[in-house]
Amino acid sequence: MMLTRSAFRLLPMAALLFATACQDLPEPTSPVDPSFNAQANPRAHTAQDLRAWFAAASPEAMALPQTVYAAHDLAANLLVFGVQNANAARGVQMALSRRGIPATAYRIEQAEPIEFMNLRARHRPTMGGLQIHWSNYVCTLGFNVAHSAGRSFITNSHCTANQGSTGNTAYYQPSSSVDSSPIAFEADDPSYSRIAGCSGGKVCRYSDAARALYVSGAESAQGVIAKTTGVNNGSLDTSGSFSVTSQDNSSTSFSGVVHKVGRTTGWSSGNVTSSCATVNVSGSNIQLLCQTLVQRSGSVIVQGGDSGSPVFRVTSGDNVQLVGILWGGNTSGDLFVFSPLKSIQDELGAFNATTSGSTPPGDGGDDPPPGEEPPCVPRGNSGKCR
């Protein structure tokens, strides 16, 4: 299984599931009015009173639609109820009143819904290893970078509308069905061509990588990769994060164990079996030069949609060194292929992907306005953007 053009298509059933989820969301209503808390008085009641009222009232209040949490705030000496909107606040207020709980004993505040988080959920700020959506497909966000052209992320060249040609591909996280505002637009995807070492009838590059420029207001965390509950266990549930404390800008030859995080198979690892390998992409005339093969026999460590996964070494604890980007795998799913970070920068320009890094020397650039794509600079007679 080569994770080529398909990346991973959003099937009609997936679209149906997104639509169903959207129907479950509450209708927009006004925010919580501060007057709900006009009488709250943390000095009016004893801690014993509050504990008794919490036990009596919280089950009924939390059974109401659009309630988020109920808590006994010891520091404030108040009961606290988080709700999504004013309709929910009125429901909580009525439930507490029925229980004889005075308005001086509680505070109602607006809160965002709390959900199980995983690699396919909406995350802000964005980070490496999360699902991104483009056209009718999904891939993985590789890693956020400081680039001379502006705040960007790196994913695969084949995770663009036109592989090997810089266009205007819009990216969403996790999908346009969940959040219709693009987080970034394609900014650089060099062409594949006949270069030294390229076999007859093939077009080549040294990396399957493209850069997307973030829109203004789209929050991103540089040097952060999502971490799931464990390596090689198939979990997609997020449990903390990895910190990219260094990046390997010079190697094209690797050994030992490397890791990746992708939206389909999560956090997985394998042993480097070959470095600087020439790899033909199934079903195409594309050939990738000087790639690295990673295998874990008998285990599924890669599947469709993992395209773009950041590849890294664990240096200590949750600190990692970034080494490349995953773009392909075999049919069995026990072998993946990645492009080295050096090759990616040779083709896309220098960038910093670490937690402490700043923009490499250069223009620095500006983010485009919210929701707008970067300016298009025509290239030759093709009408394509640089």
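**Exercise 1. Find the loop that holds Pro174, and describe the peptide bond that leads into this residue.**

Solution. Begin with the position: Pro174 sits in the loop between E9 and E10, where strands (E, at least two residues) and helices (H or I, at least four residues) are DSSP runs numbered from the N terminus. Next, turn to the bond itself: the peptide bond from Gln173 to Pro174 is cis, with omega near 0°. A cis bond also leads from Arg124 to Pro125, here with omega near 5°, and Pro125 lies in the loop between strand E3 (106-110) and strand E4 (126-128). Before going on, note that the model is predicted, that local features need pLDDT of at least 70 and side-chain atom pairs pLDDT 80 or more, while totals for chains, interfaces and linings use all residues. Residues are numbered from 1 along each chain as its sequence is written, and side-chain values use heavy atoms, with hydrogens and water left out.

**Exercise 2. Place E9 in its sheet, and explain why one side of this strand has no neighbour there.**

Solution. First write down the strand order, which is E9-E10-E12-E8-E7-E21 in an open sheet of six strands with antiparallel pairing; two strands pair if DSSP finds at least two bridges between them. Strand E9 (170-171) and strand E21 (351-352) stand at the edges with a single partner strand each, so one side of each is left without a neighbour in the sheet. Then look at the partner of E9: two bridges join E9 to strand E10 (residues 184-188), and the two run antiparallel. Within E10, Ala184 is the bridge partner of Tyr171.

**Exercise 3. Decide how far helix H4 is covered, and say what follows directly after this helix.**

Solution. Helix H4 spans residues 341-348, and six of its eight residues are buried, where buried means under 20% relative accessible area, exposed means over 50%, and partly exposed lies in between (1.4 Å probe, protein chains only). The buried residues are Leu341, Ser343, Ile344, Gln345, Glu347 and Leu348. Just after H4, Gly349 takes a positive phi of about 95°.

**Exercise 4. Identify the residues with the most partners in the largest nonpolar core, and list the elements that build this core.**

Solution. A nonpolar core is a set of buried Ala, Val, Leu, Ile, Met, Phe, Trp, Tyr and Cys residues joined through side-chain atoms within 4.5 Å. The largest has 25 residues, of which Phe143, Ile154, Ile225 and Ile344 touch the most other members. Two or more residues each come from strand E7 (143-147), strand E13 (220-228), strand E14 (238-247), strand E19 (319-329) and H4, and E13 gives the most, with four residues. As a last step, follow Ile225: leaving aside its neighbours within four places in sequence, its contacts (heavy atoms within 4.5 Å) include Met127, Phe242, Val261, Phe312 and Leu322.

**Exercise 5. Locate Asn232 and Cys276, and compare how each stands with respect to phi and exposure.**

Solution. Asn232, although not a glycine, has a positive phi of about 60°, and this residue is found in the loop between E13 and E14. Asn232 is partly exposed, with a relative accessible area of 28%. Cys276, likewise not a glycine, has a positive phi of about 50° and lies in strand E16 (residues 266-280). Its relative accessible area is 44%, and Cys276 is therefore partly exposed.
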